Protein chains: 4
Amino acid sequence: MNEAFFNLQSDKRKRIINAAMQEFVANGYTSASTNTIVKDAGISKGSLFHYFSNKKDLYLFLIDHTNIVIQDVYEAIDLEEPDLFKRLSKIGFAKMKIQQQYPQTFDFLTSVLNEPAEDVRQFAGEKLAAMQESGFNQLYVNVDWSLFKDTINVEKATEILNWTMMGFSEKYRNKLATFKDVGPELLEEWEDYAAILKNSYYKDHSQRRNGDESH
Amino acid sequence: MNEAFFNLQSDKRKRIINAAMQEFVANGYTSASTNTIVKDAGISKGSLFHYFSNKKDLYLFLIDHTNIVIQDVYEAIDLEEPDLFKRLSKIGFAKMKIQQQYPQTFDFLTSVLNEPAEDVRQFAGEKLAAMQESGFNQLYVNVDWSLFKDTINVEKATEILNWTMMGFSEKYRNKLATFKDVGPELLEEWEDYAAILKNSYYKDHSQRRNGDESH
Amino acid sequence: MNEAFFNLQSDKRKRIINAAMQEFVANGYTSASTNTIVKDAGISKGSLFHYFSNKKDLYLFLIDHTNIVIQDVYEAIDLEEPDLFKRLSKIGFAKMKIQQQYPQTFDFLTSVLNEPAEDVRQFAGEKLAAMQESGFNQLYVNVDWSLFKDTINVEKATEILNWTMMGFSEKYRNKLATFKDVGPELLEEWEDYAAILKNSYYKDHSQRRNGDESH
Amino acid sequence: MNEAFFNLQSDKRKRIINAAMQEFVANGYTSASTNTIVKDAGISKGSLFHYFSNKKDLYLFLIDHTNIVIQDVYEAIDLEEPDLFKRLSKIGFAKMKIQQQYPQTFDFLTSVLNEPAEDVRQFAGEKLAAMQESGFNQLYVNVDWSLFKDTINVEKATEILNWTMMGFSEKYRNKLATFKDVGPELLEEWEDYAAILKNSYYKDHSQRRNGDESH
DNA sequence: CATGAATGAGCGTTCATTCAT
DNA sequence: GATGAATGAACGCTCATTCAT
């Protein structure tokens with residue numbers, strides 16, 4: 001990417017990013033038309049290829065750009081919270097809020113994950129993997145694993161939890177798009193799923209709760 | 001699709017289906033090249049368009065064709081087995097076996113699910129939804145829900161189970177490709193995940209087991 | 001053309017001729033589709049190319065076929081009628097009647113006249129020229145040229161007459177298509193045009209008419 | 001049409017127009033090959049479709065372009081000349097001169113008139129009809145109809161005159177193509193035809209001439 | 001005699017990218 | 001720096017014709 005792109009007026013830069021993401025999401029990498037992008041962004045063909053050396057360069061830039069937005073999610077993780085379920089609730093909802101604010105960014109990420117074009121698949125995969133790993137590393141820092149039953153396989157339990165969260169966000173994806181804000185309804189909905197797993201994962205879950213209540 | 005395609009020698013028919021699936025998986029609907037397909041299938045351009053009236057027709061045929069393979073999975077469901085976990089184990093492994101035997105078919109299905117091309121998205125979506133629904137309906141027939149704890153939300157618990165199975169197959173997808181056969185290793189692996197959920201879902205899970213032992 | 005075509009059942013032969021003419025009229029020689037022709041005629045591709053060695057052969061056959069119909073017009077010329085105007089009226093209306101009965105044949109002739117395809121233009125032109133010449137030769141046999149004013153250039157006057165007849169049929173072409181029969185209305189209409197020219201061409205035209213009136 | 005085409009160097013623009021007209025005349029709308037056009041015009045395929053959004057757009061542009069040339073004919077009409085025959089002579093010869101200078105333009109117009117392709121027939125027909133009407137309207141402005149015999153049907157007489165002129169130009173079409181200039185030979189030739197009709201149309205034609213001579 | 005599967009050149013059109021202005 | 005005209009390879013698809021059945 002040419003540094004000229006950085007020196008652009010913020011407005012024009014955003015128009016280009018949005019137009020490009022939209023087109024890539026709508027048609028995939030190969031079928032996305034640079035003509036459509038420049039038309040939607042209101043710039044000339046020459047300008048686009050002045051900022052980015054080619055279509056691939058533009059695509060990979062967008063992945064990096066997306067990265068920044070995603071980082072915000074992980075930075076929002078409260079490392080002080082030792083209860084994994086509580087922490088995940090927070091991070092999950094941070095993610096959902098961002099998904100609401102930058103729906104395009106998440107759509108783009110999804111489309112990148114399923115991009116078949118050999119030209120970009122490998123590179124995109126590596127970028128996304130690096131992103132995810134750095135995120136996951138933070139995710140489990142300082143988690144209090146002693147809350148888990150001794151008999152449970154913590155790794156596998158965590159995997160189930162992850163798959164459940166992904167399934168949950170996928171399921172509520174459309175609802176999210178129409179909500180103005182991620183409200184307590186969704187939180188409660190999630191707590192239902194979380195309770196099912198927590199019950200299985202945590203030591204003396206009901207007893208302790210009862211004990212709390214007895215005081 | 002022209003019935004001429006049905007009357008083709010099985011070998012040629014398979015070559016065409018394989019070449020087309022491969023190309024669609026590798027490049028997506030729009031970017032897939034009919035030139036590449038005919039070259040790989042060893043037929044002429046004219047022949048392809050003799051069998052299928054156009055690219056879209058070919059694509060939709062492949063979805064239907066895939067359907068048949070998938071139906072085999074659901075037909076393998078043992079409706080006599082009332083324990084959902086046991087039943088799911090069976091179907092899951094039936095699915096995996098097919099995935100091993102027809103890896104291309106499953107890759108194609110996945111790529112169809114993420115196909116952005118407006119031209120086929122809607123139709124493909126409807127076909128796949130119909131497929132899935134008919135499958136899901138059979139999935140839960142005669143399940144003994146009384147095994148579940150009264151306090152558990154059975155619907156949500158089932159969702160978690162589904163998401164976990166999907167996550168599991170995704171995770172072992174690559175491993176599966178190299179395995180010669182879906183062996184007991186994988187079964188044991190899955191039982192670990194299943195145990196975690198079963199513990200949460202089923203009534204008196206440990207007690208009953210103890211009770212069994214006491215006799 | 002293969003003689004097999006002659007041995008065909010009259011019905012099938014007609015279907016082929018009609019389907020072919022229709023398609024050639026609608027799209028011109030080059031763009032006419034043999035696929036459309038065989039579909040409309042209800043025969044197989046192979047049959048068409050069994051009867052005619054190729055598209056061009058079929059086209060040229062249709063011109064010859066048309067010729068036969070046209071000959072009927074010229075054969076209807078009453079060589080006993082020495083008055084050119086009267087004779088032309090008769091032949092003109094014979095032509096119109098045929099045009100009504102075989103509208104397709106005339107549409108085809110017109111389209112052949114304007115066919116740009118190098119492949120058939122020359123040959124078609126020659127055929128049509130031969131047709132027309134043999135027709136014109138008969139047209140003027142035994143005409144009583146002494147009716148014309150001595151001062152008039154008979155050749156040029158005849159040309160004007162021809163152009164006028166052609167313009168007239170073109171003008172009433174559409175009307176003809178809807179008429180059930182070429183009625184006396186059209187005849188009267190034509191007589192108006194004829195009168196204008198006759199007045200200029202024939203000797204003592206007005207005087208004689210005056211003379212008639214004086215009696 | 002893209003305005004880029006207007007900004008082209010006149011030479012290149014002409015090459016494109018000529019190549020396209022030639023190809024359309026030679027093969028008709030549907031069979032005309034854009035490959036041939038670009039090759040003859042010495043431009044790239046991409047350029048042609050940069051100037052014109054598609055083949056149809058190019059074709060319709062050529063009709064409009066032709067229009068301009070034709071307008072010149074009608075603008076050459078001397079509205080001061082009240083004698084229809086004299087006026088027609090002038091316009092006819094203006095037309096012939098243009099036909100000589102832009103033979104391709106007239107060939108193209110003729111081919112458009114007989115174009116069977118549904119895709120362009122209607123639109124082309126409307127354009128040409130509008131052209132012709134505006135031309136015909138001017139043709140008869142200020143004509144001194146009192147020169148005509150009272151007994152003559154002026155409308156029909158005018159039709160005959162038109163058909164004669166059309167026939168005449170058609171007849172001399174080939175000759176015109178070889179002439180360097182429309183010379184007096186042709187004018188005299190036409191006067192012969194005109195005289196035949198004039199004699200029929202105008203009052204006291206010979207007498208008045210005699211009268212003129214007597215003064 | 002009749003069929004229709006098979007062919008591959010050719011069609012109109014789109015595309016990312018270059019570069020003179 | 002910004003523009004958009006120019007390119008030609010590649011696209012999906014059609015075609016008249018052949019020939020094994």
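This passage describes how four protein chains pair up and how they meet two DNA strands in a predicted model.

It helps to begin with the way the chains are arranged. Two copies of a chain are related by a rotation about an axis and a shift along it. For chains A and B, a turn of 178° with a shift of 0.0 Å along the axis lays chain B on chain A, and the RMSD is 0.2 Å. Within chain B, the C-alpha nearest that axis belongs to B:S200, at a distance of 2.2 Å. Of the interface residues of chain B, 100% are also interface residues in chain A, so these two copies meet through the same surface.

Chains C and D tell a similar story in their own numbers. Chain D is superposed on chain C by a rotation of 178° with 0.0 Å of shift along its axis, giving an RMSD of 0.3 Å. This is the relation of a two-fold axis. The residue of chain D that comes closest to the rotation axis is D:S200, with its C-alpha at 2.2 Å. Here too, 100% of the interface residues of chain D are interface residues in chain C, so the copies meet through the same surface.

Serine 200 of chain A deserves a closer look. A:S200 sits in helix α9 of chain A, which covers residues 184–201. With a relative accessible area of 1%, A:S200 is buried, because buried means under 20%. Apart from neighbours within four places in sequence, the contacts of A:S200 are A:K149 and A:I152 in chain A, together with B:I196, B:N199 and B:S200 in chain B. One polar pair can be picked out in this region: a polar side-chain atom of A:S200 lies 2.6 Å from the backbone oxygen of B:I196.

Attention can now turn to the DNA, starting with strand F. Around DNA strand F there are 31 residues, and those that come nearest are B:A32, B:K45, B:K55, D:H50 and D:Y51. Sugar or phosphate accounts for 63% of the strand F atoms within 4 Å of the protein, while bases make up the rest. Several phosphate oxygens of DNA strand F have polar partners in the protein. A backbone N or O atom of B:A32 is 2.5 Å from one phosphate oxygen, and a polar backbone atom of C:A32 is 2.6 Å from a phosphate oxygen. A side chain takes part as well, since a polar atom of B:T34 lies 2.7 Å from a phosphate oxygen of this strand. The elements giving two or more residues to this surface include α2 (34–41) and α3 (45–51) of chain B. The most is given by α3(A), with five residues. By class, the surface near DNA strand F holds eight nonpolar, 16 polar and seven charged residues.

DNA strand E is surrounded by 30 residues, and the closest are A:A32, B:H50, B:Y51, D:A32 and D:T34. Of the strand E atoms within 4 Å of the protein, 61% belong to sugar or phosphate and the rest to bases. An N or O atom in the side chain of B:S44 is 2.9 Å from a phosphate oxygen of DNA strand E, and an N or O atom in the side chain of C:S44 is 3.1 Å from a phosphate oxygen of that strand. A base is reached too: an N or O atom in the side chain of D:K45 lies 3.0 Å from a base oxygen of DNA strand E. Among the elements that give two or more residues to this surface are α3 of chain B and α3 of chain C. The surface near DNA strand E is made up of eight nonpolar, 15 polar and seven charged residues.

Key. Residues numbered from 1 in each chain as written. Chains lettered and ligands numbered in written order. Predicted model: local features only at pLDDT ≥ 70, side-chain atom pairs only at ≥ 80, totals over all residues. Heavy atoms only, no water. Near = heavy atom within 4 Å. Polar contact = N/O pair within 3.5 Å; in protein donor to acceptor, adjacent residues only side chain to side chain. Helix = DSSP H or I, 4+ residues; strand = E, 2+ residues; numbered from the N terminus. Nonpolar A, V, L, I, M, F, W, Y, C, P; charged D, E, K, R; others polar. Least-squares fit on C-alpha atoms with pLDDT ≥ 70 in both. Contact = heavy atoms within 4.5 Å. Buried < 20%, exposed > 50% of the residue type's maximum accessible area, 1.4 Å probe, protein only.
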